[in-house]
Amino acid sequence: MVFNCIFLGAPGSGKGTQAKRLQAQLNIPHISTGDMLRQEIAKGSDLGNRVKEIMAQGRLIDDQLMTEVIEKRFSASDIKTGFMLDGYPRTVNQAASLKSIIEKLSLQEPKTIYIKLGFDELKNRLLGRLSCSKCGSTFHVKLNPPKTSGICDACGSQLSQRKDDTEEAVVNRLKVFEKETAPLLDYYKQSKSLIEINGAQEMEKITADILRSLKA
Ligand code: AP5
Ligand code: MG
């Protein structure tokens with residue numbers, strides 16, 4: 001069975017957390033555009049330098065550039081085993097581009113998993129998040145603390161706060177989500193591929209809900 005899915009949700013809703021948990025169980029690629037861009041910034045590549053400031057402010061990178069990044073990633077053969085998209089598409093334009101890429105490659109239409117969570121909890125999760133810049137794992141100072149303070153459980157690297165997890169950038173990112181990304185909910189409702197998941201539950205319960213929906 002091939003699982004193709006898109007994780008849709010506001011910043012902090014748990015897209016990355018859930019995709020990482022499912023990757024361990026389903027063994028299919030987790031494609032996080034945010035993680036890919038942060039890796040480019042860490043390498044100091046041209047792409048990284050172009051997006052660094054925009055990301056720190058919590059603004060979106062332009063659609064064409066992001067679609068080029070995804071098109072390149074989709075040219076790898078592992079995509080045929082399934083995929084979990086996290087952070088793309090983020091605008092109606094990007095959703096249209098993804099549809100063409102999927103059609104061109106004759107891939108199965110993805111299910112869209114919308115992880116729903118309220119504004120106050122989103123803010124709380126983002127402001128307390130600790131991230132691993134090496135493997136992309138995320139923790140939370142209170143809600144999901146690492147076993148050893150400041151150290152990643154998965155790879156042993158140092159944890160830090162993401163540059164866009166400051167109060168100012170978080171508020172901006174949540175506004176950008178409402179304006180640019182929330183319209184995708186209607187877009188995917190129309191194609192009947194939208195599955196809503198309650199994000200205000202224990203991580204394990206959310207993973208079980210997503211798995212059930214993917215297998216249905
Ligand atoms: P990206 O990296 O995609 O960030 P985001 O969408 O803002 O989402 P986050 O990664 O902040 O949240 P998440 O939903 O993954 O939550 P997490 O699982 O970590 O994008 C960053 C930037 O890159 C964008 O702002 C933009 O500039 C650029 N970009 C990327 N893609 C782009 C695109 N397609 N177009 C244009 N620009 C693009 O969880 C959050 C916290 O909550 C963690 O601390 C976690 O431990 C905790 N937590 C998770 N689940 C639970 C739970 N059930 N209970 C308690 N705590 C929980
Ligand atoms: Mg994430």
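This passage describes the ligand site, the aromatic pairs and the cysteines of a predicted model.

Residues are numbered from 1 along each chain as its sequence is written, and chains are lettered from A and ligands numbered from 1 in the order in which they are written. In this predicted model, local features need pLDDT of at least 70, side-chain atom pairs count only at pLDDT 80 or more, and totals for chains, interfaces and linings use all residues, while side-chain values use heavy atoms, with hydrogens and water left out.

Ligand 1 is surrounded by 35 residues, of which T17, R59, R90, F139 and R173 come nearest; a residue is near a molecule or strand if one of its heavy atoms lies within 4 Å of it. Polar contacts were taken as pairs of N or O atoms within 3.5 Å; within protein, one atom must be able to donate a hydrogen and the other to accept it, and residues adjacent in sequence count only if both atoms are side-chain atoms. A side-chain N or O atom of R173 lies 2.6 Å from an oxygen atom of ligand 1. A polar side-chain atom of R162 is placed 3.0 Å from a ligand 1 oxygen, and a polar backbone atom of G14 is 3.0 Å from an oxygen atom of ligand 1. On its own, ligand 1 has 1,000 Å² of accessible area, 97% of which the protein covers (Shrake-Rupley method, 1.4 Å probe; for residues, only the protein chains shown count as cover).

Two or more residues of the shell come from each of α1 (15–26), α2 (33–43), α6 (119–127), β6 (138–140) and α9 (203–215). The largest contribution, 4 residues, is that of α2. Helices (H or I, at least four residues) and strands (E, at least two) are DSSP runs numbered from the N terminus.

The structure holds 2 aromatic pairs, defined by ring centres of Phe, Tyr and Trp (its six-membered ring) within 6.5 Å, with planes under 30 degrees apart counted as stacked, over 60 as edge-to-face and the rest as tilted. F74 and F83 form an edge-to-face pair, with 5.0 Å between centres and 65° between planes. F74 is buried at 3% relative accessibility, and F83 is buried at 0% (buried, under 20% relative accessible area; exposed, over 50%; partly exposed, in between; 1.4 Å probe, protein chains only). Y187 and Y188 are also paired edge-to-face, at 5.0 Å and 80°. Y187 is partly exposed at 26%, whereas Y188 is buried at 7%.

The count of disulfides (cysteine sulfur atoms within 2.5 Å) is 0. For C135, the nearest cysteine sulfur, that of C152, is 3.7 Å away.
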